[in-house]
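Biologist: Hello! Could you walk me through how one helix sits in this fold?
Modeller: Gladly, let's look at it together.

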Amino acid sequence: MEALKKKEPILITFYDDDDVISKEVLSELKIVFDKYDGTVTFLQLKSDLNAQVSNLAEQFKIGFIPYTAVLNRNGTIIFEKTGYVDNKVIEQAVYNAVNK
């Protein structure tokens, strides 16, 4: 996936349209997106049978969704969470990725 090759922080989320918690996480992510758009690459990947998404999910060793991760400029995961996570926690992780 081309976005993962960029040298900027990445916020990635795997979700499912039918999952209530996924919808809540996407709502929280929107708040962070509005603040950091243009500074961070945001990837929201629907968990489906798409081979590219499935392969990426395997690389991240995702067992459950929603799954949210923040990668720094070097591609190192500095934050990851399965399940619900609120915007303040995500924003702190993104802030750390941008400023460290």
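Biologist: Which residues does N87 touch, leaving out those up to four places away in sequence?
Modeller: Keep in mind that this is a predicted model. N87 is found in helix α3. Leaving out residues up to four places away in sequence, N87 touches E28, I31 and V32.

Biologist: Is N87 buried or exposed?
Modeller: Buried means under 20% relative accessible area. N87 has a relative accessible area of 14%, so N87 counts as buried.

Biologist: At what angle do α1 and α3 pack?
Modeller: Happy to set the scene: α1 covers residues 20–36 and α3 covers residues 87–99. On the α1 side the contact is made by E28, L29, I31, V32, K35 and Y36, and on the α3 side by N87, I90, E91, V94, Y95 and V98. Those contact residues divide into eight nonpolar, one polar and three charged. The axes are 8 Å apart, and the angle is about 35°.

Biologist: And what is the handedness of the crossing of α1 and α3?
Modeller: The crossing of these two helices is right-handed.

Biologist: Within what arc do the buried residues of α3 fall, seen down its axis?
Modeller: The buried residues of α3 are N87, I90, E91, A93, V94, A97 and V98. They pack against β1, α1, β3 and β4. They line one face of the helix, because seen down the axis of α3 they fall within an arc of 160°.

Biologist: How far apart are the end C-alpha atoms of α3?
Modeller: At 1.5 Å a residue, the 13 residues of α3 should span 18 Å. The model agrees with that, as the end C-alpha atoms of α3 are apart by 18 Å.

Definitions and conventions:
Residues are numbered from 1 along each chain as its sequence is written. This is a predicted model: local features need pLDDT of at least 70, side-chain atom pairs count only at pLDDT 80 or more; totals for chains, interfaces and linings use all residues. Side-chain values use heavy atoms; hydrogens and water are left out. Axes are lines fitted to C-alpha atoms, for helices over the stretch in contact, and angles run from 0 to 180 degrees between N-to-C directions. Helices (H or I, at least four residues) and strands (E, at least two) are DSSP runs, numbered from the N terminus. A crossing is left-handed if the near helix is turned anticlockwise from the far one by less than a right angle, and right-handed if clockwise. Contact means heavy atoms within 4.5 Å. Ala, Val, Leu, Ile, Met, Phe, Trp, Tyr, Cys and Pro count as nonpolar, Asp, Glu, Lys and Arg as charged, and the others, Gly among them, as polar. The expected span of a helix is 1.5 Å times one less than its number of residues. Buried means under 20% relative accessible area, exposed over 50%, partly exposed in between (1.4 Å probe, protein chains only). The arc is that of the directions from the helix axis to the C-beta atoms.
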